[in-house]
Amino acid sequence: DALQRGGRQGDRVLDLGTGAAILAIAAAKLGGRCLAMDIDPVAIENARAKERERRTQARLRLLQRAGADLARHLDEGRIRERFVAHAASLVGCRRATFLVPDGEGALRLAAARGLPDVAPWRDGPLPRAGALAGRVIETGVPLRLDDAAAQAPPGCRVDAARAMRGNSCLLVPVAAEGTESGSDRVYGVLCLSEKDPEGPFDAEEEEFAVLLAAQAATALTNARLFREATVDALTGLDTRSYFFVRMEEAAERTRAGGPPLSLLMCDLDHFKRVNDVFGHPAGDRILREAGGRIRACLRPGERAGRYGGEEIMVLLTGIGGAEAAARAEEVRRAFAVHPFPSFGAPGKVTVSVGAGTYDPRESTRALVRRVDRALYRAKEGGRNRVELSPGPEEDTDASAGRPSLFQLPNSPTP
């Protein structure tokens, strides 16, 4: 601005570095002719190159910090939120959104920065066909437009292009390395617009956005792998192996003088009959609903896992004895009192529960055996009831010969 005010009308001064800018201002004050006579074009170009290098180095530092931040998280939602925030800072824009395919021919908003609350597709699906983001998913190639509406590729709706506020937009696919378009490893599209200051996105900004998208894809892949390893796909509860890891950690805290620990083992009553009469798809629906009901019963710090088949385990921290039995009764009532959508009237799907409190002198495997025997008594006593284990006891013949809970399925019994 100072250069343009100081020079003659019609003089053109572009992106000068600090040293060259000072010379240009001095020359402008002496007369417009000095602007051409006294400033070395090489010095101007050197100043421009120095400024470009400064911006590049600053972006590299931002990219490094963004990558470290994304790698810290294993929750996909948190990764998406941090991704759009870092993207907006990295390229310098006011609006950044992350659109993901919903598997039904549409896109949905997964994270946003700078998006108005009244955006028409903020809470609903965006048709993928004809959208710029849909094209990027199909081609797997970034799309950089100086004027989104005027330069929209053939087949893209003008209204979809105008959703990119401002004249310029940059869209970058986010996908695991080596992923083909249409794969479930295509995580979505980063959409950037409203550049600050106004102007088109340049090639360097596109390159940095692509590098950041690759880091986000790696973080999302790690989060998905972690979820697959730790979350049962049917019930949404912990996998058996992950549940036992977390139970052992909790037991270690109890042994070190921490809060008491209790365990519930729940078994859906007559579940085999459900599978035999109504089919396994109905059984899957029941297990999915059972996982939701168990999660609804959990308090902060508690967790549940699928032990196997229709058996679910619940880890209760900070309570023991009679209070553990009361919590087991809460779980039982969550099944018995409220109807399951697939079966109508309440009482059609019930659960038997064994409960026990951990004694620091015993192993976690011994606790599981005790609670398992309490569950057996609940089943033998008529089902749809709770049995509390009286306390640590010697292993019985009923538990002899069982494989270790920490063995792999095909590993030999020690």
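**Reading the terms off a predicted fold**

Q: Let's start in the sheet: which residue of β6 does Ala-96 stand opposite?
A: Ala-96 faces Leu-192 in β6. Bear in mind that this is a predicted model.

Q: And what makes β1 and β6 a pair?
A: Pairing needs at least two bridges between two strands. β1 and β6 (residues 186–195) have 6 bridges, so they qualify, and they run in the antiparallel sense.

Q: How do you know that β1 pairs with β2?
A: Set the count against the cut-off again: 6 bridges, where at least two will do, so β1 and β2 (residues 106–113) are paired, also in the antiparallel sense. Here Ala-96 stands opposite Arg-113. The two strands form a hairpin with 4 residues between them, and Gly-103 in that turn has a positive phi of about 80°.

Q: What makes β1 count as largely enclosed?
A: Just tally the strand, which covers residues 93–101: 7 of its 9 residues are buried, so the rest of the structure largely encloses it.

Q: Why is Arg-80 called buried?
A: Its relative accessibility is 16%, and buried means under 20%. Since 16% falls below that limit, Arg-80 counts as buried. Arg-80 belongs to helix α5 (residues 76–91). Beyond its close sequence neighbours (those within four places), Arg-80 contacts Phe-98, Val-100, Arg-108, Ala-110, Ala-111 and Leu-220.

Q: Why are α4 and α5 described as roughly antiparallel?
A: Their axes cross at roughly 175°, and angles over 145 degrees count as roughly antiparallel. So that label fits α4 and α5. The axes of α4 (residues 41–71) and α5 also come within 10 Å.

Q: What residues meet where α4 and α5 touch?
A: From α4 you get Arg-59, Leu-62, Leu-63, Ala-66, Asp-69 and Leu-70; from α5, Ile-79, Arg-82, Phe-83, His-86, Ser-89, Leu-90 and Val-91. By class that comes to 8 nonpolar, 2 polar and 3 charged residues.

Q: How do you know that the span of α9 agrees with its number of residues?
A: Do the check: α9 (residues 240–255) has 16 residues, and at 1.5 Å a residue it should span 22 Å. Its end C-alpha atoms are 22 Å apart, so the two values agree. Just after the helix, Gly-257 takes a positive phi of about 100°.

Q: Which residues of α9 are buried, and what do they pack against?
A: The buried ones are Tyr-242, Phe-243, Phe-244, Met-247, Ala-250, Ala-251 and Thr-254. They pack against α8, β7, β8, β9 and α13.

Q: Why does Arg-299 count as partly exposed?
A: Buried needs under 20% and exposed needs over 50%. At 39%, Arg-299 sits in between, so partly exposed is the right call. Arg-299 lies in the loop between α11 and β8, and leaving out residues up to four places away in sequence, it touches Glu-323, Arg-327 and Glu-330. How far is Arg-299 from Thr-317, C-alpha to C-alpha? They are 9.2 Å apart in space and 18 residues apart in sequence.

Q: Zooming out, what does the whole protein come to in helices and strands, and how much of it is buried?
A: There are 13 helices and 11 strands, and 44% of the 414 residues are buried. Of the contacts with a separation of 6 or more, 63% join residues 24 or more positions apart.

Note on methods
Residues are numbered from 1 along each chain as its sequence is written. This is a predicted model: local features need pLDDT of at least 70, side-chain atom pairs count only at pLDDT 80 or more; totals for chains, interfaces and linings use all residues. Side-chain values use heavy atoms; hydrogens and water are left out. Buried means under 20% relative accessible area, exposed over 50%, partly exposed in between (1.4 Å probe, protein chains only). Contact means heavy atoms within 4.5 Å. Axes are lines fitted to C-alpha atoms, for helices over the stretch in contact, and angles run from 0 to 180 degrees between N-to-C directions. Angles under 35 degrees count as roughly parallel, over 145 as roughly antiparallel, 65 to 115 as roughly perpendicular and the rest as oblique. Ala, Val, Leu, Ile, Met, Phe, Trp, Tyr, Cys and Pro count as nonpolar, Asp, Glu, Lys and Arg as charged, and the others, Gly among them, as polar. The expected span of a helix is 1.5 Å times one less than its number of residues.
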